[in-house]
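This report covers aromatic ring contacts and the charged groups that sit over ring faces.

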Amino acid sequence: MRHTPADLVFTGGPVLTLDAARSRATTVAVTGDRVTAVGHDEVRDLIGPQTEVVDLEGKLLLPGFQDAHIHPVAAGLELAHCDLTAARTAAGTVAAVRAYAEARPEEEWITGGGWSMEAFDAGAPTKDLLDAVVPDRPVYLPNRDHHGAWVNSRALELAGVDRTTPDPADGRIERAADGSGEPTGLLQEGAMELVARLVPPSTPADRLAALLRAQRLLHSYGVTAWQDAIVGSFGAMDDPADAYLTAARDGSLTARVAGALWWDRERGAEQIPELLARRAELSHGRFRAGSVKIMVDGVAETGTAALLAPYLDGCGCPTANRGTSFIDPADLRRYVTELDALGFQAHFHALGDRAVREALDAVEAARTANGWRDTRPHLAHLQVVHPDDIARFRQLGATANIQPLWAAHEPQMDELTIPFLGPERAGHQYPFAALLRSGATLAAGSDWPVSSPEPLHGIHTAVNRVEPGGTGPVFLPGQRIGLTDALTAYTAGSAHVNHLDDTGSVRAGFLADLVVLDRDPYAAPPGEIAATRVARTYVGGRQVYDAGL
């Protein structure tokens with residue numbers, strides 16, 4: 001029997017298929033944009049005179065990584081402005097702002113961001129530090145998690161924010177400890193918008209360049225698909241929709257992208273017709289916008305993650321603060337039920353245990369009202385999950401969307417989080433293994449620019465519960481997961497969330513979205529996973545990255 005030769009054949013394995021029916025292979029054939037055969041020496045029969053043959057030389061071939069929660073356009077814009085992600089101290093952060101401002105005297109505003117809270121006392125930098133290096137122009141710099149912004153006096157002046165300005169309902173203006181009410185220069189959550197609304201927006205050309213800049217980096221990390229967690233305007237994050245649509249139409253979007261349309265938490269169900277219109281308008285080629293991003297709460301470090309019991313103070317005593325639910329729970333159930341009935345996927349931001357419960361309650365309400373529809377709701381972040389809610393993920397078919405890099409001891413965790421949660425609740429953080437044992441589906445993402453978009457670093461942390469290069473104690477060792485489980489979360493798990501059902505494993509008939517690693521991480525100790533590098537990345541059988549390894 002004669003076989004039509006393949007266009008591309010990978011051989012000299014190993015191949016990790018992440019297909020339960022055949023976990024390992026040594027040879028894979030690709031014709032057009034799809035895998036046509038997976039196996040061993042018999043697949044070599046598909047090699048013809050025009051077939052490109054890639055000798056893996058012992059390197060590992062596996063499905064392309066997918067990021068289930070990321071903000072690439074915002075990250076790409078940040079990289080082009082005052083990027084503070086590399087600074088680790090207060091002095092280093094301020095010096096980076098000074099250097100950027102001095103090099104760009106023509107810029108009306110100094111923007112960018114990515115500073116780390118642990119670089120500053122109590123995680124709270126002040127306007128005085130910025131005033132000393134940029135006294136004459138407004139400065140607006142979101143922190144690494146983008147739930148707070150550091151501004152200078154000029155920015156506050158332009159925004160009309162002073163000691164008499166009330167806190168918005170969904171945010172907080174940090175104020176001087178002397179009781180004067182004077183703003184310190186740190187704006188939390190919804191208070192960011194007081195200044196963000198004045199920041200000059202990026203241009204369509206800026207956003208397209210940012211997307212392509214981010215895409216190149218993500219392909220270099222083996223990422224072939226992702227879910228953009230905010231398609232819309234939020235704070236100083238400009239709407240990336242036009243960039244995606246342009247790139248999808250002109251062919252420069254080489255990744256496959258699911259877009260999560262932003263749910264404006266200041267509005268209600270009246271915005272649903274607009275979301276329906278946007279879904280129809282924006283779905284083109286490799287970009288689809290069938291999800292809705294709902295931010296249920298804030299973050300633990302600022303006391304805005306929604307908790308079932310109060311935060312502790314610095315002395316370990318309960319406070320009156322249980323965090324913030326940005327949407328009334330009854331309204332949330334109603335909104336999610338209506339969105340689910342219209343075929344939207346609900347993509348929740350839920351960090352605190354109360355927020356997780358409120359999101360799961362909303363999924364349950366939708367299941368009860370609409371039956372089980374293939375909408376694939378998922379909850380992202382899951383910093384604190386009450387043990388009573390672990391099994392509900394499986395029971396409700398809600399995917400646990402994890403950001404593994406956060407599950408490690410580091411200053412933000414040890415100094416700004418654990419003391420204010422208390423030991424028992426701190427033990428409920430990032431329960432990856434418990435979720436797996438309960439039968440939940442895990443997807444994985446980075447939340448870049450909040451943290452690194454490199455999947456292999458996230459996989460390393462999920463397996464070890466120690467940061468890459470870290471030497472400190474293991475963070476909640478009982479919640480470590482195996483290498484195959486972590487890889488599956490970044491491939492098949494995220495493919496499920498992204499509704500990319502013909503990706504996520506190396507299987508005949510599936511799209512040839514593939515990554516070649518420079519080694520087989522199974523052949524080395526778990527502590528060396530982060531040393532693994534991406535050698536090549538393919539989307540639809542087309543090479544989009546080559547490290548030359």
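A residue counts as buried when its relative accessible area is under 20%, with a 1.4 Å probe and protein chains only. The model discussed here is predicted.

## Aromatic pairs

There are nine aromatic pairs in the structure. One of them joins Trp 263 and Tyr 335, with ring centres 4.9 Å apart and an angle of 40° between the planes, a tilted arrangement. The two residues are 72 apart in the chain, and the pair links distant parts of it. Trp 263 lies in the loop between β16 (256–262) and α8 (272–282), while Tyr 335 belongs to helix α9 (residues 329–341).

Are these two residues buried or exposed? Trp 263 has a relative accessible area of 1% and is therefore buried. Tyr 335 has a relative accessibility of 7%; because the cut-off is 20%, Tyr 335 counts as buried too.

## Tyr 430, Phe 432 and Arg 465

Tyr 430 and Phe 432 also form a tilted aromatic pair, at 6.3 Å centre to centre and 55° between the planes. Both residues of this pair, Tyr 430 and Phe 432, are buried.

Phe 432 has a further contact with a charged side chain: Arg 465 lies over the face of the Phe 432 ring, 4.9 Å from the ring centre.

## Other ring contacts

Trp 115, Phe 120 and Trp 150 are linked by ring pairs into a cluster.

Which residue lies over the face of Trp 372? The residue is Arg 367, placed at 4.3 Å from the ring centre.

Terms used. Residues numbered from 1 in each chain as written. Predicted model: local features only at pLDDT ≥ 70, side-chain atom pairs only at ≥ 80, totals over all residues. Heavy atoms only, no water. Phe/Tyr/Trp six-rings, centres within 6.5 Å; stacked < 30°, edge-to-face > 60°. Helix = DSSP H or I, 4+ residues; strand = E, 2+ residues; numbered from the N terminus. Buried < 20%, exposed > 50% of the residue type's maximum accessible area, 1.4 Å probe, protein only. Lys NZ or Arg CZ within 6 Å of the ring centre and 35° of its normal.
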